[in-house]
Each structure stands twice: as structure tokens, then as C-alpha cells.
Amino acid sequence: MSGVRKTYATGAIAVEALRGVDVRISEGEYVAIIGPSGSGKSTLMHILGCLDVPTEGHYSLAGRDVSDLEEAELAQIRNREIGFVFQQFNLLPDLTALRNVALPLVYAGVAAAERERRARVALERVGLADRADHRPGELSGGQQQRVAVARALVTEPSMILADEPTGNLDSVSSADVLGLFRELHVAGRTIVLITHENEIAAQAGRVLTIRDGEISENGVVEAGVRG
Ligand code: ADP
Ligand code: ADP
């Protein structure tokens, strides 16, 4: 991102949620973005995730400038390049874990047999091969989030974008999910994790702090690459 600004106009009042953000995330990095409520985290996450575009400035994802795209094009790029993990898991309650994981491949137009094969590989990757036929309600919170991570992985995205992924988990399940992110990072995945908690951010290889719509770098944290 270079010179990214985001202004929300609400009636006569304009709120500058991002005020000139310059940030470069390389392939394979594990980056945490930390900031207090109202600092601009969601706005930044929406732009990073191609859910919204900047008011000013440029954002390139996987070599393509996506700053000025229309929603239809953004949606395509989002489905192809980004795996989302949310605080609320966002699994469909009536579908099995396997079906939930396969869902992004339905939108990508992948044939049924291949969808199932790839969903099984992704579930295996997160250690839940034996829960393929369980529905979300039959899984613990940590397991549900692992299913969500498998769903994020199944399209082989350029980046995993996790927004407060441990916000709904107890400390044991949080550690479990963070351990999974660490493994994925060591295996070469690009991970961007958004959080308001220092201990969570410290898991990443690099921590960016956002405050009042501006980013500063905290330097390299050792925990990231060690595994
Ligand atoms: P965070 O996720 O860190 O809490 P946000 O990105 O949600 O921060 O918000 C940053 C600022 O932008 C806040 O002042 C918020 O009130 C404002 N804001 C966010 N979304 C909108 C919107 N859709 N319309 C108007 N103002 C918004
Ligand atoms: P925790 O206490 O660690 O959150 P649970 O007690 O919810 O975990 O679940 C323990 C195990 O039982 C998990 O492996 C989960 O898959 C399984 N499980 C939980 N609820 C159900 C259910 N309703 N039907 C089938 N299996 C379940």
C-alpha cells in the first residue's frame, strides 16, 4: 500500500479512518496489525481484503493494482487471492465440516469430486480429517476455527487474512489456533492477523501498530520464525 487514505463521509462530517498508510508485506511473511478500537483496523482489513477500495493512494495485491476496481472484479480477486478467517468462524451450521471447507471452491467453479478431494486435504492440514462429517455444532470452538482456517486455505490464496481469529476462543483453543498459524507460516504461507491484543500480535514475525489511521513499525519480533 502506498499513500492509502480512507475517508468516510457521513452527512456533513468526514472521518479520516486511514491517513496515508504505506506498508509492504512480502510473500511468506506473518504480520500482525495491532491497534485500539477506532484506530482504523477494520478499514485497513477491508482494503487489504479487497472488500473496499482506498479513497486515495494505491494498493497492489499479488502484483496487480486493485485500488480502482469495481465490485465485481474485486469479488473475483478476493475469492482467488484471499482466505478470510473471522472472529465468529462464519461456518454454515447445516453443512458438514467438509462441505463448509469446500464452499469457496463452489464459487470458483471447481467440479464436485475435485472439491471434495481438496477439502479433505485442507481438513487434514488443520488436523481435522476425522471430523469431516461433523457439523459445526458438533465441534468445539477451537475445532470450528480450524475448519474456518481449512476453508481459508482450500483455494490456495496469496494471503490469509485473519480478523481477531481468537476473539471467541478460550486460552487453550487460542493457543491451538495460533499454533496452526505458526505452522502455516513456517510452511511458507503469507498471514496477516488483525488483533487488539499484544500477546496475540507477538506471535507474528512482524508487528505493525495502527493508531488514528496511521501505521508504525514495531520491529521484528523473534517468536515468528522459530516455530
Ligand atoms: P477499528 O476497527 O480499529 O475499531 P475502524 O476502521 O472500524 O476502526 O474505524 C476507524 C474510524 O472510522 C472510526 O472513527 C470509525 O468511527 C470510522 N468509521 C468506520 N467505518 C465507518 C463508516 N462506514 N462510516 C463512517 N465512519 C466509519
Ligand atoms: P471443548 O470442551 O474442548 O470445547 P467439547 O466438549 O465441545 O470440547 O467437545 C469435545 C469433543 O467432542 C470434540 O472433539 C467434538 O468434536 C466432540 N463433540 C462435541 N459436541 C458434539 C456433538 N454434539 N456431537 C458429536 N461430537 C461432539
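Let me start with Thr-43, where an N or O atom of the side chain sits 2.6 Å from an oxygen atom of ligand 1. Please keep in mind, for this and for everything that follows, that we are looking at a predicted model. Beside Thr-43 in the sequence you will find Ser-42, and a polar atom of the Ser-42 side chain also lies 2.6 Å from an oxygen atom of ligand 1. With Gly-40 the partner is a backbone atom instead, a polar one, at 3.1 Å from an oxygen atom of the ligand. Taken as a whole, the protein covers 61% of the 560 Å² of accessible area that ligand 1 has on its own.

Which elements give two or more residues to the shell around this ligand? They are strand S1, which runs over 2–10, strand S2, over 13–21, and helix H1, over 41–48. Of these, H1 provides the largest share, with three residues. If you would like to follow the shell on the structure, the residues to look for are Tyr-8, Thr-10, Val-15, Ala-17, Pro-36, Ser-37, Gly-38, Ser-39, Gly-40, Lys-41, Ser-42 and Thr-43. Sorted by class, this shell consists of four nonpolar residues, seven polar ones and one that is charged.

Now let me turn to ligand 2, whose surroundings are made up of Arg-131, His-134, Glu-138, Leu-139, Ser-140 and Gln-143. Here a polar atom in the side chain of Arg-131 is found 2.6 Å from an oxygen atom of ligand 2, while the side chain of Gln-143 places an N or O atom 3.0 Å from an oxygen atom of the ligand. Glu-138 takes part through its backbone, with an N or O atom 3.0 Å from a nitrogen atom of ligand 2. How much of the accessible area that ligand 2 has on its own does the protein cover? The answer is 39% of 560 Å². The class count for this shell is one nonpolar, three polar and two charged residues.

Before the pockets, I would like to pause at a single residue, Glu-29, which is located in the loop between S2 and strand S3, the latter spanning 30–34. The Glu-29 side chain forms a polar contact, at 2.8 Å, with the side chain of Arg-206. Leaving aside residues up to four places away in sequence, Glu-29 touches Arg-24, His-185, Arg-189, Thr-190, Ile-191 and Arg-206.

That brings me to the pockets. The largest pocket holds about 460 Å³ of space, and its lining is formed by 17 residues, with Ile-25, Ser-26, Ser-60, Leu-61 and Ala-62 lying nearest the centre. Eight residues of that lining are nonpolar, seven are polar and two are charged.

The second largest pocket contains about 390 Å³ of space. Which of its 14 lining residues lie nearest its centre? Those are Asn-79, Ile-82, Phe-84, Pro-104 and Arg-151. Four elements can be traced here, since helix H2 (71–81), strand S7 (82–85), helix H3 (97–107) and helix H5 (141–153) each contribute at least two residues to the lining of this second pocket. By class, the lining of the second largest pocket comprises eight nonpolar, four polar and two charged residues.

How values were computed. Residues numbered from 1 in each chain as written. Chains lettered and ligands numbered in written order. Predicted model: local features only at pLDDT ≥ 70, side-chain atom pairs only at ≥ 80, totals over all residues. Heavy atoms only, no water. Near = heavy atom within 4 Å. Polar contact = N/O pair within 3.5 Å; in protein donor to acceptor, adjacent residues only side chain to side chain. Areas by Shrake-Rupley, 256 points an atom, 1.4 Å probe, with all protein chains shown as cover. Nonpolar A, V, L, I, M, F, W, Y, C, P; charged D, E, K, R; others polar. Contact = heavy atoms within 4.5 Å. 1 Å grid on protein atoms, 1.4 Å probe; cavity = no way out; pocket = protein on both sides within 12 Å on 5 of 7 lines; lining within 4 Å. Points joined across faces, edges and corners; volume = space filled by probe spheres on them.
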